[in-house]
Amino acid sequence: MTSPPTLPPECVELIANHLRLAQHYGTLCSLLRTTKTMFTLVAPIIYSEPFQRHHPPGTSLCRTLLQSHFDQLPQALQIAYFPESASDTSSITMHPSSPFIDYSSFIRSVHFDLSLFKINVAFSEKVCSDLELYAAAHPQQDLERIIWRSLQTARPRNFGRVVASHLRTTMTWTLCEPILEQIRSIDIPLSDISRYLAVVSRFQSLSFVNFVIDIAVDYYPGAIARMAQQSPDLVQEFQRNTNQLFENAARFVEENVRLFGKQLRQVECPELYDGHHLQQYPKPIMTRIMRSLPALDNPCHLHERNWLQFVFHVESTCLDNVHTVTAPSDELRWQTELIQAGEYLPRCRSLKTLQLSYFVPGTFRWAVDEKNRQGLDHERDLVPLRSISIVQFNSNPVLEIDNIAYAFSDTLEELIYNCNHLDEENEETWNPIPQTFTAGYKWTTMPMLKSLSILMDNHVLALDPHTLALCPALQTIDISDYKQNFSPATRVWMAPLQLPGLTRIKLQGSSANGFSLDTFHSTPRLERAELSMSSTYLIDDELGQPAQEYDLSLPNSPREWTWNWYLPCLTYLDLGPGFASFFQFRMLECCQALTVLRLMMTGPDVPQGGVEVTDRDLVHSIDKSGFFSCPSMTSLYLCGPWILRPLFLQTMFGEVMPNLKDVFTMQCLGHSIAEWVEATTRVPRLVSATSIRPDPDAVEQELAGLVPVNGLVSSQPPLNNETGPPTFYRFASHARYHLSDPTRRRAID
C-alpha cells in the first residue's frame, strides 16, 4: 500500500502563513494536532506572534509560554499564573511539570494588550488579592517609588492598573531575554528601558520597536504644584528621571542603528492620555529617533504610525506607490518640519485617498497646473484621487476647495471639507469674526462625485447655486454655514436638479438658497432631508422690518412645487426657515416610511397672520371621502404660527398619525389647551406631548379650568412600570400633568 502524496514543507509553510495573515487560527490549531511533521512546520508560525490584539490570549497560553522559565520566574508571575505552586505570596512549594517543548523559543514578536493583565478580568479573586498584597509589600524601583509618591500627591493610586503594568513589564522581559537575538518586533515599557539599553547589542534581528508609556511622564500644572509643596525636591527628581528615560529610548535606537545598520525599520512612540493629562514624548527626543531611522521602504500607506518617520525623510522616500495618506491628529505639531521638507503630494502618483488637517496656501496648485496641461504631449497621467477629507485651520477656509474640485473632477468620489475647528491659542488662525467666502464658481462637471460635505459653522459660504447641478451622481450632500438671517428679497429660484441616486441631503444656511424641492421628483431613494435657509431656527429679521414676501411670480418658485413627490424611502424630514412656510401636508401621502417630521416656520419669511392648515390637506388623493394615513410616523415637531383648528388636530392625531409617540408644538395657534389635550388623547401610543403656547400668561388660567373638570392631576412623568396608555404633558408654565384615569381620557369637553 502506497502512502498518500505529501506537500513539500515549503508549500505547507506558505499555506500556514496565509492562514495566519487571514486570522484563521482555528484551522492552524487543527493542523498543529495532525502529525509531528505538521507540528514542526506550523508551531513556529502559530507561536511567532502569540499575543496578537485580534486574537486575545488567555491564562493557559501564558502558562504554556512561562513554564520553561519557571526556575527564573519572578514572583509576581508565579502568583499570577501558577497560584497552585505558591503557598503564600513569598514562598514556592511545588514545581510544575516542565513542558515537552519550549514554545517560547518560537516567539519572534511580543506585543501585549494591557487588558490581558487586568486583575479583575484575567485572574481569580484569590489571585487578585495576592497580587495586590504583593504590590503593596514589595518596594518598587527608585523611579517607580517616585512615581508612586507623585501619584499619591496628584491622585489616588490605581492598584489594578499598576499591577497590570508591572505584569506586562515583567512578562515581556522574562519571555524575550533568553531569545533577544531572534526578536523582530517588541513593545518596550518606558519604565524598563534601561534594562534593554544594556543589552541592545543582542537585538540583531529587531526591525520594529514600540516604546510604551507605562508610567506618568508629565502632570498637569496643579498636580506639579501640589508635588512641589509636599517635597521641593520631588519635582526636580521626577523630571530628572523622566528625562533620563527619554534619553535612554533615543540612545537605544541610535545604538541599534549604529550596530546593525538599517535592520531597525520602524519605531513608534505613541502618546497616552491617562484620564488626567496627555503623556507624550518631547519633540527633541522624537527628532533624534526619527532621524536615526532609514526612510520608509516604498510605502503604500502614510498614516499615524509612520507619519513622523516620513516627515523626517520626505525627500528620500519613494512615493510612487502611495495610495492612501491619512495625516495624524497632531499633524500641526510637526507642521514646521513638514513645510521645510517641501511638497510631497505631487510625487504621490497613485494617490486615491487623502486626509489632512493642515496645509499651506497653494498646496493643490500643482494639481491645477497638471489639469490645465492635460492632453499635451509627453505629460504624465493625472493623480487618480477619489476621496479627500480636510479639517481646515487656515485663516482662509476655502482657499483650496475650488482647486481640489477642478483638478480632480474626473475621479473624485468624496469631498469633505470641515472648517468648524478654530485654534484659539494660535493668533494666526484664530478669527472669531465670521467672514464670507465664495466657492463653486470655478467648478466643472464631476461625474463620479457621490458624497459632498462642506461644513463652515463659523463662516458664511457663498456657494454657486449651480454647483450641485455639476454633480449628477451625488448620493449624500451635507453643506452648512454660519448664515443666520436672510432676506426673502434675495432668494433665488433654480431649476430642479436630477439626482436619482440621492439618499441624504442637508442644506443649512446660504447653500439652501436656490434649491428647488421639486428635485425630489428625481430622488426615489431619498432617506433623509434637512433644509433651512438659516443655521439657527429662532431668528429675527436682520433689518428689524416686518416680514417680507417672496416673489412667487418667478420661474421655479414654490408656487410651481407639486408636493406630490413619491418618496418611499424617506424616514426623516426637517424643513426650517425658507422652506417650512411652503409645506403642504398632502406631501405625507407619498411618504409612507416617514417616521420624523420637523417643521420650523421662523424667521423673516413667516407670513403675516400665520399659515392655516385644514383637514382638506389630509384627504386621500384617490378616495376623496377618507384621509390618508402615515402609520410609520412616531415623532412630530411643529414650530411657528401654524393655525391648527380643533377639527384638523383630531383628524391628524386620530387618523393620519395614529402611532405617534412624541409630539412637540411651539407658538401654534387656532386651538386651546383643552382642545389640544383632547386631540392628543386620540393617540394610544403617545409617550410625551409638549405645547409651548404663544400667550404664556393665559396658560395658567386655562389649566386651572382644565384640571378639576377633566381629572388631570399634577404629578411626575409616568413611571416605567405603569400600565395602560397614560400620557405626559408639559406646558409653557413648566407644570407637569399626567392623565391618570384612562377611562376619562375622552371626557374633555
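Start by selecting Pro189 and Val212: the bridge partner of Pro189 in E3 is Val212. Before you go on, note that this is a predicted model, in which local features need pLDDT of at least 70, side-chain atom pairs count only at pLDDT 80 or more, and totals for chains, interfaces and linings use all residues. Residues are numbered from 1 along each chain as its sequence is written, and side-chain values use heavy atoms, with hydrogens and water left out.

**Stop 1: strand E3**

Widen the selection to residues 208-212, which make up strand E3. Strands (E, at least two residues) and helices (H or I, at least four) are DSSP runs, numbered from the N terminus. E3 runs parallel to strand E2 (residues 185-189), and five bridges join them; strands pair if DSSP finds at least two bridges between them. Now add strand E4 (residues 266-268), which pairs with E3 in the parallel sense over three bridges. Val209 has Val267 as its bridge partner in E4.

Is E3 mostly covered or uncovered? Mostly covered: five of its five residues are buried. Buried means under 20% relative accessible area, exposed over 50%, and partly exposed in between (1.4 Å probe, protein chains only). In a regular strand the side chains alternate between the two faces of the sheet. Here Phe208, Asn210 and Val212 point one way, Val209 and Phe211 the other.

**Stop 2: the aromatic rings**

Next, show the rings. The whole structure has 24 aromatic pairs. Rings of Phe, Tyr and Trp (its six-membered ring) pair if their centres lie within 6.5 Å; planes under 30 degrees apart count as stacked, over 60 as edge-to-face and the rest as tilted.

Zoom in on Phe583 and Phe585, an edge-to-face pair at 5.1 Å centre to centre with 80 degrees between the planes. Both Phe583 and Phe585 are buried. Keep Phe585 and add Phe648: their ring centres are 5.5 Å apart and the planes are at 75 degrees, so this pair is edge-to-face too. Why does this pair tie together parts that are 63 residues apart in sequence? Because Phe585 lies in the loop between strand E18 (572-575) and strand E19 (596-600), while Phe648 is in helix H18 (residues 646-656). Phe585 is at 0% relative accessibility and counts as buried; Phe648, at 1%, does as well.

For the wider view, select the cluster that ring pairs link together: Trp493, Phe515, Phe520, Trp561, Trp563, Trp565, Phe582, Phe583, Phe585, Trp642 and Phe648.

**Stop 3: Trp563 and its backbone**

Pick Trp563 out of that cluster. Its phi is near 60 degrees, a positive value in a residue other than glycine. Trp563 is found in the loop between strand E17 (528-532) and E18, and is buried with a relative accessible area of 1%.

Then jump to Gln667, another non-glycine with a positive phi, about 65 degrees. Gln667 sits in the loop between strand E23 (662-666) and helix H19 (673-680). Buried or partly exposed? Gln667 is partly exposed, at 29%.

**Stop 4: charges over rings**

Select Arg528 with Tyr572: the charged end of Arg528 sits over the ring, 3.7 Å from its centre. A charge sits over a ring if NZ of Lys or CZ of Arg is within 6 Å of the ring centre and within 35 degrees of the ring normal. Finish with Arg598, whose charged end sits over the ring of Tyr637, 4.3 Å from its centre.
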